[in-house]
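Q: I'm new to this structure, so could you take a close look at the aromatic rings for me? I'd like to know which ones pair up, and how they sit.

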Amino acid sequence: MESERLMKQISNANEKKYPELLAPAGSLETGRAVIQAGADAVYVGGSQFGARAYAKNFSKEELLSMLDYAHLHGCKIYLTVNTLLKQPEIDSLYAYLLPYYKAGLDAVIVQDYGVMRLIHTCFPDLPLHISTQMSVANACGAEELKRLGAARIVPARELSLEEIRAMRAQTDIELECFVHGALCYSYSGQCLLSSMLGGRSGNRGRCAQPCRLPYTVLAQDGRTLLSKPDSYPLSLKDLGTIDQIPALAAAGIDSFKIEGRMKSADYAAGVTAVYRKYIDAYIDSGCRLESVKVAQQDYRQLLDAGNRSGFTDGYYRRRNGPAMVSMQCPSHAKGSAASVETVHATYVEKEEKIPVQAKAWFQTGYPARLSVTCRGITVSAEYGMVQAAVKQPVSRADAAAQLQKTGNTPFVMDVVAVTMDEEVFLAKQELNQLRREALARLEQAILAPYRRNPQKQEQKLPLRLAREYASCPQPCRKFYASVELEQQLDAVLAADLFSRVYLDSSMYTHDGFAAHLKEHVLQIQAAGRQAYLILPPVFRFATEQFYRGQWEAVEKSGLDGYLVKNQDELGFLRTMRVDPGRCVLDYSLYAYSNFTKSCYEKDGWQYDTVPLELNKKELLARDNTESELVIYGYLPLMASAQCIQKTLGNCEKTPGLCFLKDRYDRKFPVKNNCGECYNTIYNTQPLSLIQLSGELDRIGPAAFRLQFTLETPAEVRRIVTSCAKSFLEHQIPDMRAVAGAYTNGHYKRGVL
């Protein structure tokens with residue numbers, strides 16, 4: 001029976017005998033359907049702050065209803081607050097979460113560091129799940145976030161099974177991994193492509209998915225490497241791991257996550273039902289690795305629900321490669337309508353009721369009494385007075401039948417035992433009221449453990465800024481430069497403008513890394529400048545092991561400090577006992593709000609970089625007194641574990657450059673870093689705020705940074721000369737003549 005399956009699911013989930021099955025829901029209908037299909041937990045978005053801003057999402061009333069429905073069915077609800085918040089939004093977050101917290105919300109999924117710290121301060125018993133948007137890629141980041149209150153990590157989707165096993169061996173924090181659905185080409189949280197092209201920020205839940213558009217691939221010398229019709233090199237196939245369940249479970253994953261909050265109820269329920277079936281089969285086999293053999297009709301059901309050129313098992317067994325890329329127009333193809341209709345009838349239209357055992361007592365001269373039991377909880381109700389029958393006595397069968405009419409309640413009377421005197425009378429409306437009262441009390445009793453009294457938490461005020469900052473800051477006259485090519489270094493050092501030089505880690509191969517770095521550090525310091533190392537955009541297990549082995553030599557190189565790009569590196573630097581005062585957080589450690597910036601400061605990280613997605617008004621409202629502002633550079637739009645060269649079969653494990661040309665003939669430079677095996681896709685035009693020197697003083701940064709990536713030494717010299725004239729001599733340059741076409745980035749428009 002279906003009710004037996006549901007009760008088994010609830011029992012097993014409570015005992016944590018197998019990985020949690022976590023399903024998506026963008027609506028109340030979908031939420032109920034995936035619970036019917038066997039989800040242990042459901043993640044949903046509310047009316048604000050979710051990374052699927054264009055999904056239907058839940059109103060306040062719907063979400064409260066969803067919480068009760070899920071809890072009655074032994075299921076959990078996780079709320080997505082996984083976008084970056086601006087200051088006014090931070091200010092409203094507590095009031096937004098409070099009713100859901102009171103109703104028993106099971107966890108919140110977060111990306112913003114300040115959001116994480118605020119929720120942990122105001123609601124310390126509310127579990128925090130770290131979104132994949134934070135790109136956590138090793139145990140250093142997991143442990144750092146656990147120290148700050150996180151209960152679960154959703155690691156970067158690019159991790160292999162070996163890396164997940166290594167993370168599990170090094171930390172006991174819960175791990176939640178995607179098992180089915182859409183994949184991003186970029187490391188999540190490391191993408192600005194949609195943002196820079198159209199102002200729709202993926203970090204704000206509004207990604208326009210430009211990676212799903214066609215691109216021509218050009219070699220550095222202009223040769224065409226890929227053109228139509230196979231011209232979708234950034235469009236990945238959907239993830240599908242139904243045959244990998246034993247291996248994923250054995251790797252130590254605590255929660256299997258299905259992607260799809262913007263998908264239909266039929267899709268979400270159909271996929272959930274198949275994964276439920278094979279997770280249960282794995283458990284029933286005694287958790288044997290060879291236990292799951294997927295039936296063809298079940299694989300067909302997954303295809304029928306929707307797919308992009310079939311499925312890939314993602315990064316679990318490969319670093320990257322063409323097998324993961326659809327190369328086709330990424331329509332989410334559906335299959336047999338009959339299969340979808342069956343799913344709809346089984347899980348969307350049908351509602352599985354919760355079985356209840358009932359006992360009734362009808363004794364003349366006493367109130368009618370009904371006791372109901374569900375999942376070990378028993379409550380009783382009394383109503384009316386049982387009278388001796390004058391004409392037509394009520395039979396046991398009639399009384400039981402009336403009590404079984406549970407109507408729109410979530411319950412079904414599985415057993416009704418009636419004890420009664422002979423020749424008694426009870427009106428139907430009295431029996432109905434008795435049943436309603438008993439079931440209402442049962443519902444309250446089941447939900448009572450989830451309710452919270454927030455009185456103590458309401459006394460906890462959010463953290464405030466560690467210090468006030470001047471509304472009229474002093475003009476900034478510190479300039480720093482970063483270089484990604486060795487030949488750019490001499491041009492930077494030839495200028496008197498810069499007091500600090502950042503050396504990008506992509507400049508170095510693993511062979512001779514520390515020695516080569518030391519040469520550059522000595523060269524920079526001999527010129528009277530500070531030397532900082534830019535750590536990689538992603539810090540995976542092998543990268544961490546490499547740096548750990550090199551660390552003594554790296555520190556002995558004489559480096560003045562580090563530019564840090566992710567939570568893994570923060571955790572690593574803390575374990576290596578590096579003084580936080582020697583570290584600068586890059587813009588990928590987002591601090592949109594003054595509140596988030598103050599949280600980083602409270603945790604020891606004083607210096608940061610102004611986020612790239614804020615506009616002039618937002619920059620003026622931000623405390624930038626310990627922040628660097630990027631005023632020039634080809635901005636990296638994404639860091640990807642994929643490699644264009646490998647996708648096209650041209651991988652020679654040699655760093656190089658190619659270009660993606662879009663439908664508007666814009667060319668995006670793509671640099672492959674072979675040491676860490678990732679691609680960086682840059683914007684077609686460099687950011688330049690150099691011509692706005694008169695306005696930037698009001699923003700009040702601690703320093704201005706120029707990022708050199710693709711430029712020749714001659715181009716570096718021209719940019720530096722223009723910058724000096726603009727800021728020091730107040731001669732506004734014609735940047736088009738200096739750098740060609742350029743962009744103001746988000747300085748004037750920002751993001752929604």
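**Aromatic rings up close**

A: Let's start with Tyr-592, which is buried, its relative accessible area being 5%. Tyr-590 counts as buried too, at 11% relative accessibility. Keep in mind that what you're looking at is a predicted model. We'll get back to those two tyrosines in a moment.

Stepping back, a search through the whole structure turns up 22 aromatic pairs. Tyr-96 and Tyr-100 make one such pair, arranged edge-to-face, with 5.6 Å from centre to centre and 85 degrees between the planes. Both belong to helix α4, which covers residues 87-103, and because they are four residues apart there, about one helical turn separates them. As for accessibility, Tyr-96 has a relative accessible area of 7%, which is under the 20% cut-off, so it counts as buried. Tyr-100 is buried as well, with just 2%.

Now back to Tyr-590 and Tyr-592: they also form an edge-to-face pair, with 6.4 Å between the ring centres and the planes at 85 degrees.

Rings can join up beyond twosomes, too. Tyr-508, Phe-513, Phe-539, Phe-546, Tyr-547, Trp-551, Tyr-562 and Phe-572 are linked by ring pairs into a cluster.

Finally, a couple of tyrosine rings have arginine for company. Arg-500 places its charged end over the ring of Tyr-532, 4.0 Å from the ring's centre. Over at Tyr-502, the face of the ring has Arg-705 lying over it, 5.3 Å from the ring centre.

Note on methods: Residues are numbered from 1 along each chain as its sequence is written. This is a predicted model: local features need pLDDT of at least 70, side-chain atom pairs count only at pLDDT 80 or more; totals for chains, interfaces and linings use all residues. Side-chain values use heavy atoms; hydrogens and water are left out. Rings of Phe, Tyr and Trp (its six-membered ring) pair if their centres lie within 6.5 Å; planes under 30 degrees apart count as stacked, over 60 as edge-to-face and the rest as tilted. Helices (H or I, at least four residues) and strands (E, at least two) are DSSP runs, numbered from the N terminus. Buried means under 20% relative accessible area, exposed over 50%, partly exposed in between (1.4 Å probe, protein chains only). A charge sits over a ring if NZ of Lys or CZ of Arg is within 6 Å of the ring centre and within 35 degrees of the ring normal.
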